[in-house]
Amino acid sequence: MSMRVEYINPFLQASFSVLETVLGKTPTKGELGMRPNVFTSQQCNVITGVTGKIQGQVIYGMSLITADRIASMMIGQPIRTFDQLAASAIAELGNMITGNAMALLAEAGYVCDITPPTIVRGANVKISTLNIPALIIPVTLDQGLLELTVSLQEK
Amino acid sequence: MSSLGLTHSGGTHVAKRILVTDDAMFMRVTLKNILTKNGFEVAGEATNGREAVDLYRTLKPDAVTMDITMPEMDGISAVKEIRKIDPNARIIMCTAMGQKNMVIEAVSAGAKDFIVKPFQPEKVVEAVQKVCG
């Protein structure tokens, strides 16, 4: 049960640079954690897939309030309801972080591709039946907590 | 010339017409806002590569922004298809994936520029202006 640090650092680096650009402020990294499989206890989750030399999933989980706040910031005005545009903004945030991580992974010798993001709302969701261990990276933003669940393995 | 996307032609200002391609509604709205604020006209919006190819044929836009990761048909395949219809098509990739192999693949397929998301609005305006000449 281990995940190589070479897979993790690109996501950490990409999440910081993307969040800083999109939200205008440097986030704070919390204590890393580990789970035996891909499970999320967050209410709003963006699921992105990685295919290629390494494969698996990276999930961006947050509370509904945090999702509302991030979407408002990205859209440039407060959102009244979490509509299609808000969901699309949150999905795009996950897409940008995973996408940006691909350039860093490629530099480390792992050329991969991503799949379009999907949003899952509802807590306590087991995302994958694969028993790939997941690394949890909590990131604190002005808008609340963003939890990265990185579950990747070499093909 | 007051706005960036306008060209002078026979006494009237004609805005350059852009086709925006992205599966994410948020990105289409964002790009549309940036482009229209800077004097460009968004001729159409495509949500995948297949739609972009079809809309290119009917709309004949001055330039196209093209995402890569999309359902139905990805952006690189769409660039190849559009260049078959119009070898002079001006396409700017606009994607979250900036790895070298992706840039090389896009450029060899015929893309004129490559923007990595998240981007600053000026970056988009500059790229569209440049390809529109």
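Colleague: Why is B:Glu72 called partly exposed?

Modeller: Count its neighbours: B:Glu72 has 14 other C-beta atoms within 10 Å. A buried residue needs 20 or more, and an exposed one has 12 or fewer. The value 14 falls in between, so B:Glu72 is partly exposed. Keep in mind that this is a predicted model.

Colleague: Where is B:Glu72 placed?

Modeller: B:Glu72 sits in the loop between S5 and H3 of chain B. Its phi is positive, about 70°, although B:Glu72 is not a glycine. Most residues other than glycine have a negative phi.

Colleague: What phi does B:Lys60 have?

Modeller: B:Lys60 also is not a glycine, and its phi is positive at about 45°. B:Lys60 comes just after H2(B), in the loop between H2 and S5 of chain B.

Colleague: How do you know that B:Lys60 counts as partly exposed?

Modeller: By the neighbour count again: B:Lys60 has 13 C-beta neighbours inside 10 Å. Exposed would mean 12 or fewer and buried 20 or more, so 13 makes B:Lys60 partly exposed.

Colleague: Why does B:Arg83 count as partly exposed?

Modeller: B:Arg83 has 16 other C-beta atoms within 10 Å. Since the in-between range lies above 12 and below 20, the count of 16 makes B:Arg83 partly exposed. B:Arg83 belongs to helix H3 of chain B. Apart from residues up to four places away in sequence, B:Arg83 touches B:Ala89 and B:Gly110.

Colleague: What makes the peptide bond from B:Lys117 to B:Pro118 cis?

Modeller: The omega angle tells you: for the bond from B:Lys117 to B:Pro118, omega is near 0°. Most peptide bonds are trans. You can find B:Pro118 in the loop between S7 and helix H5 (121-132) of chain B.

Colleague: Now the sheet. How do you know that S3 and S5 of chain B pair?

Modeller: Two strands pair if there are at least two bridges between them. Strand S3 (residues 17-21) and strand S5 (residues 63-66) of chain B have 4 bridges, so they pair, and they do it in the parallel sense. In that pairing B:Ile18 stands opposite B:Ala63 of S5(B).

Colleague: What is the order of the open sheet of 5 strands in chain B?

Modeller: Reading across the sheet, the order is S4-S3-S5-S6-S7, with parallel pairing.

Colleague: What makes S4 and S7 of chain B edge strands?

Modeller: Strand S4 (41-46) and strand S7 (113-116) of chain B each pair on one side only. From one strand to the next, the twist averages 20°.

Colleague: Which strands does helix H2 of chain B lie across?

Modeller: Helix H2 (residues 49-59) of chain B lies across S3, S4 and S5 of chain B, at about 145° to S4(B). The buried residues of H2(B) are B:Gly49, B:Ala52, B:Val53, B:Leu55 and B:Tyr56. They pack against S3, S4, S5 and helix H3 (75-85) of chain B.

Colleague: Which residues have the most contacts inside the largest nonpolar core?

Modeller: They are A:Ile90, B:Ala52, B:Val64 and B:Ile92, in a core of 79 residues. Helix H3 (residues 84-107) of chain A gives the largest share of this core, 12 residues. Leaving aside neighbours within four places in sequence, B:Ile92 has contacts that include B:Ala63, B:Val64, B:Ala111 and B:Val131. In soluble globular proteins, nonpolar side chains tend to be buried together.

Colleague: How do you know that S8(A) pairs with S9(A)?

Modeller: At least two bridges are needed, and 7 bridges join strand S8 (residues 134-141) of chain A to S9(A), so these strands pair, running antiparallel. S8(A) and S9(A) form a hairpin with 2 residues between them, and A:Leu141 stands opposite A:Gly144 in S9(A). Strand S5 (residues 54-62) of chain A is also joined to strand S9 (residues 144-154) of chain A, by 8 bridges, and these run antiparallel.

Colleague: How many residues does each chain bring to the contact?

Modeller: Chain B brings 18 residues and chain A brings 20. On the side of chain B that touches chain A, H1(B) gives the largest share, 4 residues. The residues of that side divide into 10 nonpolar, 5 polar and 3 charged.

Colleague: What ipTM does the predictor give the complex?

Modeller: The ipTM is 0.90 and the pTM is 0.91. Chain B averages a pLDDT of 92, and chain A averages 90.

Definitions and conventions. Residues are numbered from 1 along each chain as its sequence is written. Chains are lettered from A and ligands numbered from 1 in the order in which they are written. This is a predicted model: local features need pLDDT of at least 70, side-chain atom pairs count only at pLDDT 80 or more; totals for chains, interfaces and linings use all residues. Axes are lines fitted to C-alpha atoms, for helices over the stretch in contact, and angles run from 0 to 180 degrees between N-to-C directions. Two residues are in contact if their C-beta atoms, placed from the backbone, lie within 7 Å. A nonpolar core is a set of buried Ala, Val, Leu, Ile, Met, Phe, Trp, Tyr and Cys residues joined through C-beta atoms within 7 Å. Ala, Val, Leu, Ile, Met, Phe, Trp, Tyr, Cys and Pro count as nonpolar, Asp, Glu, Lys and Arg as charged, and the others, Gly among them, as polar. pLDDT is the predictor's confidence in each residue, from 0 to 100.
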